[in-house]
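This report describes the interior, the strands and the less common backbone features of one protein model. The sequence and the structure are shown first.

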Amino acid sequence: MNRHVVILGGGLTGLSSAFHLSRRFPEALITLVEKTSRFGGWISSERVQVHDGDGRTAEIVLESGPRTLRPNAKSVLELIHLLGLKNSVITTPITSSAAKNRYLQIPETQGLITLPNSLTSVFSPPMRTLFLPHVLREPAKRRNRPDGITDETVDNFMTRRFGPTFARTFGSALVHGIYAADSRKLSVRAAFPSLWAMEDRGWGSVVRGALLPNPTDSQEDYDVGDIPDMMKGVSVYSFIDGIGMLPGALATHLRNQSNVELLHDNPISSLIVADDGQLEVKLSSGQMINPTHIISALPLPVLDGLLHSNSSLPHLTASPASSVVVLNLIFPQTQPKLHPSGFGYLVPRPLSGYSPHNPGILGTVFDSCALSAQDSNAANFTKMTVMMGGPNPITPSHTEVDTVLKQLSVHLTAPDDYLKVLPEPIYTRTQRHDDCIPNPMPGHLRRMEELKTALAKGPWSGRLEVVGAGVRGVSLGDCVESGKRAGESWTC
Ligand SMILES: Cc1cc2nc3c(=O)[nH]c(=O)nc-3n(C[C@H](O)[C@H](O)[C@H](O)COP(=O)(O)OP(=O)(O)OC[C@H]3O[C@@H](n4cnc5c(N)ncnc54)[C@H](O)[C@@H]3O)c2cc1C
């Protein structure tokens, strides 16, 4: 029988699955089905034209989803090489202030504090008290992982090793920045597997484990050309027209493959294993496809809603997902500057916990610093992105531009070199993303193993694979990697 693979969902995971499957199985037909009119899922880059009051104009890239990639994800470097995207890459060097300077905004205080970026900076206030003692004491602390536990929350883990103040200040801020989630609920093993591994490697100490050599993954089957040379000394990168260039290039490439068909504006309405064992993918247009294999790159709860009771799968609704509001702001350039130079800042969990009385800001990215090469005439404008929501209960009044600007001026108030009152922005855009980042809870890795076992037998018998942000990591690198590995166990 000729192989026909249907890929459900045209986000980055679905597109990279289609890319790799069409190469691995050139004789197979690959059909990718996407609900909306565009491919890329949460990736959404747009170039807007802006004007200031003095006749200056610029064309500025706005991201409403992911904005940066890290060079350690080899699967993405491979796509850059194979799709010919090298000349579109723009990088932030590790030596730049955007890479070196990251800040925290401690709730109920004014201004920003600088996160340690050098040995001397950890000895300066306030890191001398907030950071240094907890990190110095940690290697001397006895091994304290309770016997038999196989997972715990990020907050538990950090509290065990570094104490509650450190866990709330740094752990919660880190989790806000990546998962827009509550560190007291997120699985440390699923969200930050390297932390758990460092504790193992360091005989109970994370700091000791971080200093010891890390036995790296031996799987090195990436066709990356000379892209790693280009990434030497790079902290983060994107593309000249934003992250959207990656799904854009994938979709263009796939459209030119004779063994691939891309369907958009085509929601999948159900997924059935018929009585005779045949797989049926029903589209809401009424079309039915009978593939030999299926890759689901859908959010897990969406997949759950498509399954018939005779072929249901475990744990698809076990992880909740964060909802965030993304506010893009463009200001005219000012003297002094609006903010210190750096990547941006994160806001830790308030001491009093999450409440509608708090402003609800998770963090702000100083886009103009990190990726100004994306924008024409960038020197005349300042671009920032504010992330709100996640575990913070927010209402529409929290996200009104005036309310956010008042809060930003509290965050950006500093004694010296930047402005105390923000000017009127010349462009604003507010977007709400519901259930956009999966939050793996403790026990997630075990549940995903059980899901894999269930897929291998019963009605699916290995013919359905489930991949994507909800399974093994939410970063773009994780998503491309899971697409690369999709269908690897299907022989010939
Ligand atoms: C605001 C934000 C900022 C982020 N920042 C970063 C960052 O800076 N760096 C980073 O590495 N990661 C970042 N991430 C995470 C990363 O963007 C996501 O984890 C990743 O894009 C998820 O890709 P995916 O393909 O697995 O899922 P999705 O993007 O969710 O794709 C799923 C696709 O399935 C489609 N679909 C849904 N239902 C159906 C149906 N019934 N039929 C057909 N199709 C359907 C959807 O329309 C969608 O296109 C960010 C995420 C968000 C939301």
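The paragraphs below treat the basis of the model, its cores, its strands, its backbone geometry and its open spaces in turn.

**Basis of the description**

The model is predicted: local features need pLDDT of at least 70 and side-chain atom pairs count only at pLDDT 80 or more, while totals for chains, interfaces and linings use all residues. Residues are numbered from 1 along each chain as its sequence is written, and side-chain values use heavy atoms, with hydrogens and water left out. Helices (H or I, at least four residues) and strands (E, at least two residues) are DSSP runs numbered from the N terminus.

**Nonpolar cores**

In soluble globular proteins, nonpolar side chains tend to be buried together. Here "buried" means under 20% relative accessible area, "exposed" over 50% and "partly exposed" in between, with a 1.4 Å probe and protein chains only. A nonpolar core is a set of buried Ala, Val, Leu, Ile, Met, Phe, Trp, Tyr and Cys residues joined through side-chain atoms within 4.5 Å.

The largest nonpolar core contains 45 residues, and Ile80, Tyr237 and Phe239 have the most contacts inside it. Elements that each supply at least two residues of this core include strand E1 (4-8), helix H1 (12-24), strand E2 (29-33), helix H2 (74-82) and strand E8 (234-239). Helix H13 gives the most to this core, with six residues. A second, separate core has 35 residues, including Leu115, Val154, Val207 and Val324.

Contact means heavy atoms within 4.5 Å. When residues up to four places away in sequence are not counted, Tyr237 touches several residues, among them Arg67, Leu77, Ile80, Val89 and Met231.

Ser88 lies in the loop between H2 and strand E5 (89-93). Is Ser88 buried or exposed? Its relative accessibility is 15%, so Ser88 counts as buried. Leaving aside neighbours within four places in sequence, Ser88 is in contact with Ser238, Phe239, Ile240 and Met245. The C-alpha atoms of Ser88 and Ile240 are separated by 5.3 Å, although these residues are 152 residues apart along the chain.

**Strands and pairing**

Strands of a sheet pair through backbone hydrogen bonds, either parallel or antiparallel. Two strands are taken to pair if DSSP finds at least two bridges between them.

E1 and E2 run parallel and are joined by five bridges; His4 stands opposite Leu29 in E2. In a regular strand the side chains alternate between the two faces of the sheet. Both faces of E1 are covered, with His4, Val6 and Leu8 buried on one side and Val5 and Ile7 buried on the other.

Elsewhere, three strands form an open sheet in the order E10-E11-E12, with antiparallel pairing. Strand E10 (268-273) and strand E12 (288-289) are the edge strands, each pairing on one side only. Strand E11 (residues 279-283) pairs with E12 over two bridges, and Met288 in E12 is the bridge partner of Lys282.

**Backbone geometry**

Most residues other than glycine have a negative phi, and most peptide bonds are trans. The table lists two residues with a positive phi.

| Residue | Phi | Loop | Relative accessibility |
|---|---|---|---|
| Glu108 | about 65 degrees | between E6 and E7 | 62%, exposed |
| Asp265 | about 55 degrees | between E9 and E10 | 45%, partly exposed |

Neither Glu108 nor Asp265 is a glycine. A cis peptide bond joins Gln335 and Pro336, with omega about -5 degrees. Pro336 is in the loop between E14 and strand E15 (344-346).

**Pocket and cavity**

On a 1 Å grid over the protein atoms alone, a cavity is a set of points where a 1.4 Å probe fits but cannot get out, and a pocket is an open set with protein on both sides within 12 Å along at least five of seven lines; lining residues have an atom within 4 Å of a point. Grid points are joined across faces, edges and corners, and a volume is the space filled by probe spheres set on the points.

The second largest pocket holds about 220 Å³ of space. It is lined by 21 residues, of which Ala180, Ser322, Gly390, Pro391 and Asn439 are the closest to its centre. Strand E14 (321-332) and strand E17 (381-389) are the elements that give two or more residues to this lining, and E14 gives the most, with five residues.

A search of the whole structure finds one cavity of 30 Å³ or more. The largest cavity is lined by Glu63, Arg67, Asp367, Leu371, Gln374 and Lys383.
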